[in-house]
Amino acid sequence: MTTPATTAGRRRQTKWTREAVITAIKRWNELYGEPPCSADWNPSLCRWRAQEWRIPRYRAGDPDTGEPWPSTNTAKNPFPHPKSGKPSFDEAVRAAGFVPHKP
């Protein structure tokens, strides 16, 4: 079993601010050529969607710094949807300047 990046002895960021989430989304895009989708930062969702290939990228954290990626829920919390007010991963991606993946 692979140990998640947040517990693998790497420095753990305890507070994911809006700015930190936006920075993480931009960094992911820089590394992988597209912004993250919600499954990229949620291993359970990867398994459910039969996209297990996404899990190692998440668990490894940033390959240059070792910093962990936020979870999908952590990333969406500071970004309410304009109509519903519920936290939205798509709104986080938009705030970083990208177009979210289609469902």
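**Figure 1. Arg 27 and Glu 30 stand about one helical turn from each other, being 3 residues apart in helix α1 (residues 18-32).** In this predicted model, the two side chains form a salt bridge, and their closest N and O atoms are 2.6 Å apart. The partners differ in their surroundings: Arg 27 is buried, with a relative accessible area of 17%, whereas Glu 30 counts as exposed at 59% relative accessibility. The cut-offs explain these labels, because buried means under 20% relative accessible area and exposed means over 50%.

**Figure 2. A salt bridge joins Arg 54 to Asp 40.** The closest N and O atoms of this pair are 2.6 Å apart. The bridge links distant parts of the chain, 14 residues apart: Arg 54 belongs to the loop between α2 (43-48) and α3 (55-60), and Asp 40 to the loop between α1 and α2. Arg 54 has a relative accessibility of 9% and therefore counts as buried. Asp 40 is also buried, with a relative accessible area of 0%.

**Figure 3. Arg 57 and Asp 40 meet through their side chains in a salt bridge.** The N to O distance is 2.9 Å. Arg 57 lies in helix α3 while Asp 40 lies in the loop between α1 and α2, so this pair ties together parts of the chain that are 17 residues apart in sequence. Both Arg 57 and Asp 40 are buried. Elsewhere, salt bridges with shared partners connect Arg 27, Glu 30, Asp 62 and Asp 64 into one network. The count of salt bridges comes to 6.

**Figure 4. The surroundings of Asp 40, a residue of the loop between α1 and α2, are shown in close-up.** Which residues does Asp 40 touch, not counting those up to four places away in sequence? They are Trp 28, Pro 35, Arg 54, Arg 57 and Tyr 58. With Arg 57, the side chain of Asp 40 makes a side-chain polar contact at 2.9 Å. Asp 40 counts as buried because its relative accessibility is 0%.

**Figure 5. Ser 38 is placed in the loop between α1 and α2.** Ser 38 and Thr 72 are 34 residues apart in sequence, yet their C-alpha atoms are 5.7 Å apart in space. When neighbours within four places in sequence are left aside, Ser 38 is in contact with Leu 45, Arg 49, Thr 72 and Phe 89.

**Figure 6. The largest pocket has a lining of 13 residues.** Its space amounts to about 250 Å³. Rolling a probe the size of a water molecule over the atoms reveals where empty space is left. Which lining residues lie nearest the centre of the pocket? These are Ser 38, Arg 49, Asp 90, His 101 and Pro 103. Sorted by class, the lining holds 6 nonpolar, 3 polar and 4 charged residues.

**Figure 7. Ala 50 has a positive phi of about 60°, although it is not a glycine.** Most residues other than glycine have a negative phi. Ala 50 lies in the loop between α2 and α3. Is this residue buried or exposed? Ala 50 counts as exposed, at 56% relative accessibility.

**Figure 8. Ser 88 is found in the loop between α4 (72-76) and α5 (89-95).** The relative accessible area of Ser 88 is 10%, so this residue is buried. Apart from neighbours within four places in sequence, the contacts of Ser 88 are Lys 76, Phe 79 and His 81.

**Figure 9. The whole protein chain, which has 5 helices and 0 strands, gives the setting for the close-up views.** From the N terminus on, the elements run α-α-α-α-α. Of the 103 residues in the chain, 40% are buried. Among contacts with a separation of 6 or more, 51% are between residues 24 or more positions apart.

How values were computed: Residues are numbered from 1 along each chain as its sequence is written. This is a predicted model: local features need pLDDT of at least 70, side-chain atom pairs count only at pLDDT 80 or more; totals for chains, interfaces and linings use all residues. Side-chain values use heavy atoms; hydrogens and water are left out. On a 1 Å grid over the protein atoms alone, a cavity is a set of points where a 1.4 Å probe fits but cannot get out, and a pocket is an open set with protein on both sides within 12 Å along at least five of seven lines; lining residues have an atom within 4 Å of a point. Grid points are joined across faces, edges and corners, and a volume is the space filled by probe spheres set on the points. Ala, Val, Leu, Ile, Met, Phe, Trp, Tyr, Cys and Pro count as nonpolar, Asp, Glu, Lys and Arg as charged, and the others, Gly among them, as polar. A salt bridge is a side-chain nitrogen of Lys or Arg within 4 Å of a carboxyl oxygen of Asp or Glu. Helices (H or I, at least four residues) and strands (E, at least two) are DSSP runs, numbered from the N terminus. Buried means under 20% relative accessible area, exposed over 50%, partly exposed in between (1.4 Å probe, protein chains only). A polar contact is a pair of N or O atoms within 3.5 Å; within protein, one must be able to donate a hydrogen and the other to accept it, and residues adjacent in sequence count only if both atoms are side-chain atoms. Contact means heavy atoms within 4.5 Å.
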